[in-house]
Amino acid sequence: MAAVTVNSAKRGLRAELKQRLRALGAEERLRQSHLLTQKVIAHSQYQNSKRISIFLSMQDEIETEEIIKDIFKQGKICFIPRYQFHSNHMDMVRLTAPEEVALLPKTSWNIHQPGEGDVREEALSTGGLDLIFLPGLGFDKDGNRLGRGKGYYDTYLKRCVQHQKVKPYTLALAFREQICPQIPVDEHDMKVDEVLYEDSPTS
């Protein structure tokens, strides 16, 4: 598929998925989030991972708060994204406690993240990551992911491959409503190892 066609297909699908997500009620969002939290905690990749990066949820994403609490409860090391808004650069920086999230400043996207001057351990320079939880707007069952169009995660995953001997396992968290028959992709898009949603096969 030509790049222009892929881009316009992505634009159309993003608009459709945003509409689907807007129609999702708060109760249903929490129901599916709770179900996915249980799936994550029982997942062998999660159980065997020590260094984990996880996103702080936006309003239209799976709620990750309970997973973050469990990461600390299990004695694992938790990293969260710090986006640079003028580029597609993102680092994963260490979170010291689940309670810290509410104290972090909010970005223009209404996401909590450590400020630029807040010096923190950065995952890739201190041993890499075992597992990365990814958000997204849409996914298909082959692991193709449609992000919000900024390329933060695709760029970050390429850096992981350069910095680490073993690539981190990538696990996307999705509402049922975000699963599509096919996601349009180009050569810059990185697949995820697994998409976790309500009806996904258990690993």
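**Entry 1. Second largest pocket**

I began with the lining of the second largest pocket, which by class has eight nonpolar, five polar and seven charged residues. The model I am reading is a predicted one. The space in this second largest pocket comes to about 420 Å³. I then looked up which of its 20 lining residues are closest to the centre, and found L56, S57, E63, V101 and H112. Helix α4 gives the largest share of this lining, namely three residues.

**Entry 2. Largest pocket**

I turned next to the largest pocket, for which I noted a volume of about 510 Å³. Its lining counts 25 residues, and G147, R148, G149, K150 and G151 are the closest to the centre. I asked which elements give two or more residues to this lining. They are α1 (3-22), β6 (145-146) and α5 (152-163). By class, I recorded 10 nonpolar, six polar and nine charged residues in the lining of the largest pocket.

**Entry 3. The annotated residues**

I consulted the UniProt record, an unreviewed entry, where the annotation "binding site" covers L56 and E61. Both L56 and E61 are included in the lining of the largest pocket. I had already listed L56 among the residues closest to the centre of the second largest pocket.

**Entry 4. L56**

I located L56 in the loop between β1 (51-53) and α4 (65-73). Is L56 buried or exposed? L56 has a relative accessibility of 9%, which is under the 20% limit, and therefore counts as buried. Leaving aside residues up to four places away in sequence, I found L56 touching E61, T64, I68, I80, V101, I111 and H112. Two of these partners, V101 and H112, I had met among the residues closest to the centre of the second largest pocket.

**Entry 5. E61**

I found E61, too, in the loop between β1 and α4. E61 has a relative accessible area of 6%, so I entered E61 as buried. Beyond residues up to four places away in sequence, E61 touches R29, F55, L56, P135, R148 and F175. Of these, R148 is one of the residues closest to the centre of the largest pocket. I also asked which backbone atom lies 2.8 Å from a polar atom of the side chain of E61. The atom is the backbone nitrogen of M58.

**Entry 6. S33**

I moved to S33, which lies in helix α2 (residues 26-42). The relative accessible area of S33 is 3%, and S33 is therefore buried. With residues up to four places away in sequence set aside, the contacts of S33 are I62, E63 and F175. F175 had also appeared in my list for E61, and E63 among the residues closest to the centre of the second largest pocket.

**Entry 7. I52**

I closed with I52, which lies in strand β1. Why does I52 count as buried? I52 counts as buried because its relative accessibility is 0%. I listed its contacts, not counting residues up to four places away in sequence: I52 touches Y46, I71, K76, I77, C78, F79, L129, L131 and F133. I also looked up the separation of I52 and I80, which are 28 residues apart along the chain. Their C-alpha atoms are separated by 8.6 Å. I80 had already been entered as a contact of L56.

Definitions and conventions:
Residues numbered from 1 in each chain as written. Predicted model: local features only at pLDDT ≥ 70, side-chain atom pairs only at ≥ 80, totals over all residues. Heavy atoms only, no water. UniProt positions renumbered as here; feature names shortened; annotations may be inferred. 1 Å grid on protein atoms, 1.4 Å probe; cavity = no way out; pocket = protein on both sides within 12 Å on 5 of 7 lines; lining within 4 Å. Helix = DSSP H or I, 4+ residues; strand = E, 2+ residues; numbered from the N terminus. Buried < 20%, exposed > 50% of the residue type's maximum accessible area, 1.4 Å probe, protein only. Contact = heavy atoms within 4.5 Å. Polar contact = N/O pair within 3.5 Å; in protein donor to acceptor, adjacent residues only side chain to side chain. Points joined across faces, edges and corners; volume = space filled by probe spheres on them. Nonpolar A, V, L, I, M, F, W, Y, C, P; charged D, E, K, R; others polar.
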